[in-house]
Amino acid sequence: MALSDPMAEQARITFAASAIKDLEDMQAYYLGEGVPDVGKRLIAEIVAKIERLGSHPLSGRVVPEFNVEHLREIISPPFRIVYRHDKNKVRIVRVWRSERLLKLP
């Protein structure tokens with residue numbers, strides 16, 4: 001059994017402006033609904049899942065709408081976190097409700 005190399009290079013994680021706006025909109029929505037703690041908790045859970053991509057960038061599934069290896073997603077109900085993986089880089093593209101179909105500009 002091979003052990004993972006603790007010195008292996010972590011993937012660098014960055015956020016597209018669209019993903020940042022998605023998170024800001026999510027926070028604003030829950031604030032407007034009078035439950036800001038729910039928004040904070042959901043965002044914290046999403047960020048924790050995103051941080052894991054640094055060590056495991058291929059852990060997400062290929063986005064079914066596109067079926068291309070470098071465009072992947074992880075599900076954090078009720079949200080899908082869509083990201084692009086290139087070598088040692090992960091770029092968070094969108095954070096959307098799971099039921100939305102993905103359309104990139």
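These are my notebook entries on one protein chain, looked up in a predicted model.

**Entry 1: overview**

I started with the secondary structure and found 2 helices and 5 strands in the protein chain. Reading from the N terminus, I wrote the order of the elements down as β-α-α-β-β-β-β. The chain has 105 residues, and buried residues make up 34% of them. I noted an exposed area of about 7,000 Å² for the protein chain, with carbon and sulfur atoms supplying 57% of it. I also looked at contacts between residues at least 6 apart in sequence, and 45% of these join residues at least 24 apart.

**Entry 2: the sheet**

In what order do the strands stand in the sheet? I read it as β1-β5-β4-β3-β2, an open sheet of 5 strands with mixed pairing. β1 and β2 (61-62) are at the edges with a single partner strand each, so each has one side without a neighbour in the sheet.

**Entry 3: the partners of β5**

I then followed strand β5 and its pairing. Strand β1 (residues 12-15) pairs with β5 (residues 89-97) in the parallel sense, and I noted 4 bridges. Within this pairing, Arg 12 has Lys 89 as its bridge partner, and Ile 13 is opposite Val 90.

Do β4 and β5 run parallel or antiparallel? They run antiparallel, and 8 bridges join strand β4 (residues 79-86) to β5. Here I found Arg 84 opposite Arg 91 of β5. The two strands form a hairpin with 2 residues between them. In that turn, Lys 87 has a positive phi of about 50°.

I also checked Phe 79 and Arg 97. Arg 97 lies over the face of the Phe 79 ring, at 5.7 Å from the ring centre.

**Entry 4: helix α1**

Next I looked for what helix α1 (residues 17-32) lies across, and I listed β1, β4 and β5. The helix runs at about 35° to β5.

**Entry 5: two tyrosines**

How many aromatic pairs are there? I counted 1 aromatic pair. Its rings belong to Tyr 29 and Tyr 30; the centres are 5.0 Å apart and the planes stand at 80°, over the limit of 60, so I recorded the pair as edge-to-face. I kept both values because a pair of aromatic rings is described by the distance of the centres and the angle of the planes.

I then looked up how far each of the two residues is covered. Tyr 29 has 48% relative accessibility, so I put it down as partly exposed. Tyr 30 has 12%, which is under the 20% limit, so I put it down as buried.

**Entry 6: Arg 72**

My last residue was Arg 72, which I located in strand β3 (residues 71-76). Is Arg 72 buried or exposed? Its relative accessible area is 7%, so Arg 72 counts as buried.

Which residues does Arg 72 touch, leaving out those up to four places away in sequence? I listed Pro 57, Leu 58, Gly 60, Arg 61, Val 62, Val 63, Ile 81, Val 82 and Tyr 83. I also took one distance from Arg 72 to Ile 92, which is 20 residues away along the chain. Their C-alpha atoms are separated by 9.6 Å.

Note on methods
Residues are numbered from 1 along each chain as its sequence is written. This is a predicted model: local features need pLDDT of at least 70, side-chain atom pairs count only at pLDDT 80 or more; totals for chains, interfaces and linings use all residues. Side-chain values use heavy atoms; hydrogens and water are left out. Two strands pair if DSSP finds at least two bridges between them. Rings of Phe, Tyr and Trp (its six-membered ring) pair if their centres lie within 6.5 Å; planes under 30 degrees apart count as stacked, over 60 as edge-to-face and the rest as tilted. Buried means under 20% relative accessible area, exposed over 50%, partly exposed in between (1.4 Å probe, protein chains only). A charge sits over a ring if NZ of Lys or CZ of Arg is within 6 Å of the ring centre and within 35 degrees of the ring normal. Contact means heavy atoms within 4.5 Å. Axes are lines fitted to C-alpha atoms, for helices over the stretch in contact, and angles run from 0 to 180 degrees between N-to-C directions. Accessible areas come from the Shrake-Rupley method with a 1.4 Å probe; for residues, only the protein chains shown count as cover.
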